[in-house]
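Please take a moment to look over the sequence and the model shown below. The paragraphs that follow lead from single residues to metal sites and then to packed helices.

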Amino acid sequence: MNQVIELPQPDDLQAERVRRLEGRLDRERRARIEAERLLEEKSLALYDANLALAALAAGLEQRVKDRTQELTAARQLALTQAETDALTGIANRGAFTRRLNETLANAEATTEGVALLLIDLDDFKSVNDNLGHAAGDAMLIAVAQRLSEVVRPGDTVARLGGDEFAVVAHGVGFDQHGQQMAQRLHDAVCQPLIFERRSIGCQCSIGIAHADPVGIHADLLLGNADLALYAAKHAGRGRVCSFEAGLRAEVEKKARLEGEVRHAVLADQIEPWYQPIRDCRSGRFTSVEMLARWHLPDGEVRSPGEFLGAVEALGLLDTMMENMLRRAMSEALPLVNSGALGYLSINVSPTQFNYGWAQNALPRLQAQTGFPAHALVVELTETALLDDIAIVRGMLGVLTDSGIRIALDDFGMGYSNFSLLRQLRFNFLKLDRSLSNDIETDAHSRAVTECVLALASRLGVDVIAEGVETQRQSDLLLAAGCSAQQGFFHARPQRDLRAALSAGVVPGR
Ligand code: C2E
Ligand code: CA
Ligand code: CA
């Protein structure tokens, strides 16, 4: 049987071809779509990655920027801290040296003058020792502030250490202007400081040197200013002194003396000597005033006028007084106990009194030696007593409450003695030598002396006439009612306390 093979018709073939083509096209399209999708996916991921990278880069950049700023600020702070005095906030010694060199270099270029001022506080050690470090710090801060307020923009104010400050001033020649500026700085610093509701005196000395002609080296300028400061300190402190040729030799001489005086104080060569006070009614020496004497190893004996200023300038007055007093109290104690000595009178300097030395040291020394307060008299001059009477009264009260008695020294020499008598209570007045002496020759002086004696008697204050040199002076004073007398006529100061008290006048100094 013949099988009939049906051949596809041309239409079918065509349709089949179309179908296959369509299938291929469909696959290709889908593959393309898939490829596109993949591509899109990849490029999206790439985009994201790019974004992330960019963000990372930006973040990094910011962090680098921040870090740089941080480092710059830290470096600036470190630099500022390294150049700033931590207590006062002004330039320190390092910054001072840099700025002095810069100012001098500038001045050389512009030929303008430069002044260097060194400012040193007087008796700052006493403030620290007697009023405490908080008071000392407050004083240093106030001084830094006061100096900064007075200088002109561009000038440098620095603390060189301790209580020493410096000002580098540009455009200041060796003329009146420089002097005026120094005086302005001085006046600004020397204002009382109120600390814990009490007023503390603030004093300074200033040395000034000029870089004139310009071209002077910083070290030399500093050396010159130092010499001027030294001279100011020794001219009695509280002074302004300019450097000038000739100062060096003078200062070297003083420096030598200071070296010797320092050694003298530390080696205990400053001794208590005693000048007796006589009761002219009984003729007996009843009490003594302690006076400082420098006893050199070769036997020479020097008076306070020759060394007291240097001791004070060296800040050794407290040490000197305490060494002397320990000896004097030990020597006097048996005589007080036996009734042979009424009291030991001691001189307290104005600065020592104002910084509270007496209130601090005397009880300590009394405790060490067993010396009774009732046998101790503190002699003060009117310059020791500040204007603020309430404060002075309080300071005196601390002493008098403990039983110590107070004498107003050199009465008749100052200007305000009478108002002091009105406002304060003293146990003794020490009639100045000028009044005791003049009573003999001058009727006016005699009248004044007699009135003072009458007034003192009304006030219940004992008077001791000082510096009595002749029999007649002594007689006139006694006749006017002043029996307690002291002076070369009666006895000179001497080393031995027993000898000073014995009636026979022993030659002394
Ligand atoms: P001052 O307290 O007025 O002492 C009296 C001074 O007059 C003493 O001088 C004494 O030696 C002297 N003098 C006594 N009688 C006569 C006299 O008849 N004629 C003359 N021309 N002078 C007489 P000195 O010892 O040289 O003391 C001078 C000053 O030094 C004292 O004056 C006192 O202010 C101070 N001073 C002395 N010793 C000390 C001390 O231990 N501490 C303190 N802070 N100052 C002292
Ligand atoms: Ca005296
Ligand atoms: Ca006196």
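Ser445 is buried, with a relative accessible area of 10%, in what is a predicted model. The residue belongs to helix α15, which covers residues 443–459. If residues up to four places away in sequence are left aside, Ser445 is in contact with Asp438 and Ile439.

Another helix residue to look at is Gln423, which is placed in helix α13, residues 417–423. Its relative accessible area is 30%, so Gln423 counts as partly exposed, the range for that class lying between 20% and 50%. Leaving out residues up to four places away in sequence, Gln423 touches Ile389 and Arg393. The chain can also be followed from Gln423 to Ser436, which is 13 residues apart from it in sequence, and the C-alpha atoms of these two residues are separated by 25 Å.

The metal sites come next. Which residues coordinate the calcium ion (ligand 2)? Its donors are Glu289 (OE), Asn347 (OD1), Glu379 (OE) and Asp409 (OD), at 2.1 to 2.4 Å. Read along the chain, these donors of the calcium ion (ligand 2) follow the spacing E-x57-N-x31-E-x29-D. Because Glu289 lies in strand β9 (residues 284–295) and Asp409 in strand β13, this pair ties together parts of the chain that are 120 residues apart in sequence. Glu289 is buried, with a relative accessible area of 4%, and Asp409 is buried too, with a relative accessible area of 7%; both values fall under the 20% that marks a buried residue.

Asp409 also leads on to a further metal ion, since it bridges the calcium ion (ligand 2) and the calcium ion (ligand 3), which lie 3.8 Å apart. For the calcium ion (ligand 3), the protein donors are Asp409 (OD), Asp410 (OD) and Glu466, the last of these listed with two OE entries, and they lie 2.2 to 2.5 Å from the ion. Along the chain, the donors of the calcium ion (ligand 3) follow the spacing D-D-x55-E. Asp409 is in strand β13 (residues 405–411), whereas Glu466 is in the loop between β15 (462–465) and α16 (471–479), so this pair ties together parts that are 57 residues apart in sequence. Glu466, like Asp409, is buried.

Two residues draw attention through their backbone. Asp123 has a positive phi of about 60° although it is not a glycine, and its place is in the loop between β1 (114–121) and α3. With a relative accessible area of 15%, Asp123 is buried. Is Arg197, which also has a positive phi, near 65°, without being a glycine, buried or exposed? Arg197 is exposed, with a relative accessible area of 82%, and it is found in the loop between β4 (193–195) and β5 (198–200).

The loop that holds Asp123 runs to α3, and helix α3 in turn is one of the helices whose packing can be described. Two packed helices are described by the angle between their axes and the distance between the axes. For helix α3 (residues 124–131) and helix α4 (residues 133–150), the axes come within 6 Å and cross at roughly 145°. On the α3 side, Phe124, Val127, Asn128 and Leu131 take part, and they meet His133, Ala135, Gly136, Met139 and Leu140 in α4. Sorted by class, this contact of α3 with α4 has six nonpolar, three polar and no charged residues.

A further helix pair is formed by helix α2 (residues 93–110) and helix α6 (residues 218–234), which pack at an angle of about 110° with their axes 10 Å apart. That angle makes α2 roughly perpendicular to α6, because values from 65 to 115 degrees count as roughly perpendicular. The crossing of α2 and α6 is right-handed. In this contact, Phe96, Leu100, Asn101 and Leu104 of α2 meet Ala218, Leu221 and Leu222 of α6. By class, the contact of α2 with α6 has six nonpolar residues, one polar residue and no charged residues.

Notes: Residues numbered from 1 in each chain as written. Chains lettered and ligands numbered in written order. Predicted model: local features only at pLDDT ≥ 70, side-chain atom pairs only at ≥ 80, totals over all residues. Heavy atoms only, no water. Axes fitted to C-alpha atoms, helices over the stretch in contact; angles between N-to-C directions. Helix = DSSP H or I, 4+ residues; strand = E, 2+ residues; numbered from the N terminus. Parallel < 35°, antiparallel > 145°, perpendicular 65-115°, else oblique. Left-handed = near helix turned anticlockwise from the far one by under 90°. Contact = heavy atoms within 4.5 Å. Nonpolar A, V, L, I, M, F, W, Y, C, P; charged D, E, K, R; others polar. Donors = N, O, S within 2.8 Å, 3.2 Å for Na, K, Ca; no water. Buried < 20%, exposed > 50% of the residue type's maximum accessible area, 1.4 Å probe, protein only.
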